[in-house]
Amino acid sequence: MTPRVAASQSRGIVVVGAGLVGPVAAMYLARRHGPVTVLEQRPDPRGTSTRADRSLTVILSARGWRVMEDLGLAERVRGLCLPLKGRMGHLPDGSTDFTPYSRDGSPIWAVERRRLQHLLLDAAAATPGVELRFGQRVHAIDLDGPRVTVGDDSGTHRLSCTRLLGCDGARSAVRAAMVRRGARERVGTLELAYQEINLPLPGCDPEIMHYWPAGDALFGAFPMLSADLFAGSVFLRREGPAPSFAAASSPEDRARQFHDLFPQLTAHITDLRDQLAVKPVSTVSLVRCDTWVHGERAALLGDACHAMAPFMGQGMNCGFEDARTLVRLLDETGDWGAALARYQDVRRADGDSIADISHEHYRTMSRLPGQSETELESAVIRRLQDLFPGRFVPLYERCAFSEQSYASAWADEQALRRVAHALTRSHGTAVRDLTDDQLRRHRLLV
Ligand SMILES: Cc1cc2nc3c(=O)[nH]c(=O)nc-3n(C[C@H](O)[C@H](O)[C@H](O)COP(=O)(O)OP(=O)(O)OC[C@H]3O[C@@H](n4cnc5c(N)ncnc54)[C@H](O)[C@@H]3O)c2cc1C
């Protein structure tokens with residue numbers, strides 16, 4: 001017998017997912033566009049902690065701060081953050097390589113994901129018009145209604161709404177509904193997985209992100225506000241021969257592999273084997289989708305439409321910017337159909353661009369000196385950025401310290417790379433000998 005499904009009418013917009021982007025979207029929308037109900041499949045995470053997400057650190061940069069300011073949360077969020085001035089590569093020969101995040105010394109900000117999410121949920125719950133409902137799994141969606149079928153402890157019920165926003169992460173049910181209506185998605189898993197390992201790093205500056213490149217692997221560590229520890233993660237290939245997670249399945253094998261890759265670190269981690277035994281190996285989902293909206297009724301935001309590799313620290317920032325852009329377009333057009341169409345046009349190109357940039361950034365960070373075929377071009381690029389600081393802005397700075405659209409930042413970077421390539425092709429290694437003046441007047445640069 002088919003179970004009876006109760007039906008109800010929501011008061012307005014339904015947001016699926018109360019991760020990081022869902023509460024932000026709800027706060028923006030409730031202020032201008034009426035009541036918002038947020039449906040989250042998991043229990044309320046506030047007041048509980050799980051081992052799995054205890055220490056994951058995320059970076060807030062300019063786009064994220066803009067959103068926190070819009071929502072009046074910047075000061076409270078700042079209280080949870082630590083500033084980071086740059087990243088320090090610790091190379092196998094014992095030398096170090098410091099890269100400031102910005103040329104004027106401005107920091108990016110590290111925050112424990114769990115703390116940030118709790119703050120956002122508290123703020124959303126306190127926003128007039130926002131209702132958070134936990135333990136509500138959306139498992140069927142009618143995009144035209146729009147209408148969702150929700151399962152909870154009491155059974156199954158249907159909820160109609162005026163608009164439906166999918167902030168439900170990489171395995172989005174809202175995106176799945178769009179795919180059933182013809183949207184095309186590309187969903188995958190990053191070839192690297194990661195495992196968190198917390199460690200003390202005596203002598204390491206806590207205002208810097210530290211990383212240890214090992215060619216095929218990378219260890220990265222962020223300072224933590226709540227402990228005298230750094231929150232580290234080892235990134236390794238999921239499959240294939242060593243070094244990989246597949247090649248070392250027992251905690252002992254993993255500890256041995258870790259020691260072979262990062263001998264400088266093992267002395268600091270007295271409980272390495274225990275941590276490797278209990279902490280999960282996490283994979284990273286990758287999502288692209290050619291359709292982000294359904295008419296004037298539904299839209300995707302955040303990882304639901306652009307889950308990406310984490311190495312630029314932009315996934316959440318991009319998701320926050322999605323919400324801000326959508327609301328801005330609604331303000332400008334006063335019309336959901338026009339706003340959603342424009343939202344898809346603008347943000348899909350941005351989402352694809354930052355996903356490409358993020359994937360490439362891992363190669364840059366994990367690479368050892370001498371491994372790059374384009375080292376000469378990279379040196380030329382740095383020189384051009386010094387010589388023309390307004391014209392050639394480092395890509396990281398464009399993404400993390402500006403609100404330039406990701407697509408246009410990526411296009412500017414490609415243009416810079418073409419100039420550097422042309423210079424090295426026409427001068428070879430003698431490009432290093434060109435004087436500043438010769439470069440300034442070079443035909444490729446005027
Ligand atoms: C290792 C790592 C480091 C990262 N570092 C950074 C960083 O430094 N800076 C940065 O900007 N980004 C970073 N990111 C990316 C960032 O974590 C994500 O982009 C962000 O969490 C996406 O938020 P979201 O709300 O879109 O999705 P999620 O956080 O995945 O939330 C989706 C929510 O929807 C709920 N849900 C799913 N399906 C349903 C359903 N059917 N019904 C009801 N609820 C549902 C889920 O339970 C979940 O709570 C990192 C990611 C990783 C993996």
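When I say that a residue surrounds the ligand, I mean that one of its heavy atoms lies within 4 Å of the ligand. With that in hand, and keeping in mind that we are looking at a predicted model, let me start at the ligand, which has 29 residues around it, the closest being Glu-40, Ile-59, Arg-113, Asp-303 and Met-316.

Several polar atoms come up to the oxygen atoms of the ligand, and I would like to take three of them in turn. A polar backbone atom of Val-21 is 2.9 Å from an oxygen atom of the ligand. For Ile-59, a backbone N or O atom lies 2.6 Å from a ligand oxygen, whereas in the case of Arg-113 the N or O atom that is 2.6 Å from an oxygen of the ligand belongs to the side chain.

Let me turn now to the sheets. One open sheet has six strands in the order 9-3-2-13-20-19, and its pairing is mixed. Which strands stand at the edges of this sheet? They are strand 9, residues 130–133, and strand 19, and because each has a single partner strand, one side of each is left without a neighbour in the sheet. Further inside that order, strand 2, residues 13–16, runs parallel to strand 3, residues 36–39, and the two are linked over four bridges, with Val-15 placed opposite Val-38 of strand 3.

For an antiparallel pair, please look at strand 10, residues 137–142, and strand 11, residues 147–152, which pair over five bridges. A hairpin of four residues joins strand 10 to strand 11, and across the pair Ile-141 faces Val-148 in strand 11.

Here a record deserves a careful word. The unreviewed UniProt entry carries the annotation "transmembrane region" for residues 12–30. In the model, the end C-alpha atoms of residues 12–30 lie 9 Å apart, and the span is 53% helix and 21% strand.

Next, the nonpolar cores. The largest one holds 73 residues, and of these Met-68, Leu-164 and Phe-320 touch the most other members. Helix 1, residues 21–33, gives the most to this core, with eight residues. If we set aside its neighbours within four places in sequence, Met-68 is in contact with Val-24, Leu-73, Ala-74, Val-77, Leu-120 and Phe-320. Another core, of 30 residues, lies apart from the largest one, and among its members are Leu-192, Leu-218, Ala-309 and Ala-355.

I will finish with two single residues, beginning with Trp-292, which sits in the loop between strand 18 (281–289) and strand 19 (293–294). Is Trp-292 buried or exposed? Its relative accessible area is 0%, so Trp-292 counts as buried, the cut-off for that word being under 20%. Not counting residues up to four places away in sequence, Trp-292 touches a list of residues that includes Met-178, Cys-305, His-306, Asp-322, Tyr-343 and Arg-347. Its side chain also reaches the backbone oxygen of Cys-289, at 3.1 Å.

The second residue is Ser-353, which lies in helix 11, residues 336–366. Ser-353 is buried as well, because its relative accessible area is 9%. Beyond its neighbours within four places in sequence, Ser-353 is in contact with Tyr-406, Ala-407 and Trp-410.

Terms used: Residues are numbered from 1 along each chain as its sequence is written. This is a predicted model: local features need pLDDT of at least 70, side-chain atom pairs count only at pLDDT 80 or more; totals for chains, interfaces and linings use all residues. Side-chain values use heavy atoms; hydrogens and water are left out. UniProt positions are given in the numbering used here, feature names are shortened, and annotations may be inferred rather than shown by experiment. Two strands pair if DSSP finds at least two bridges between them. A nonpolar core is a set of buried Ala, Val, Leu, Ile, Met, Phe, Trp, Tyr and Cys residues joined through side-chain atoms within 4.5 Å. Buried means under 20% relative accessible area, exposed over 50%, partly exposed in between (1.4 Å probe, protein chains only). Contact means heavy atoms within 4.5 Å. A polar contact is a pair of N or O atoms within 3.5 Å; within protein, one must be able to donate a hydrogen and the other to accept it, and residues adjacent in sequence count only if both atoms are side-chain atoms.
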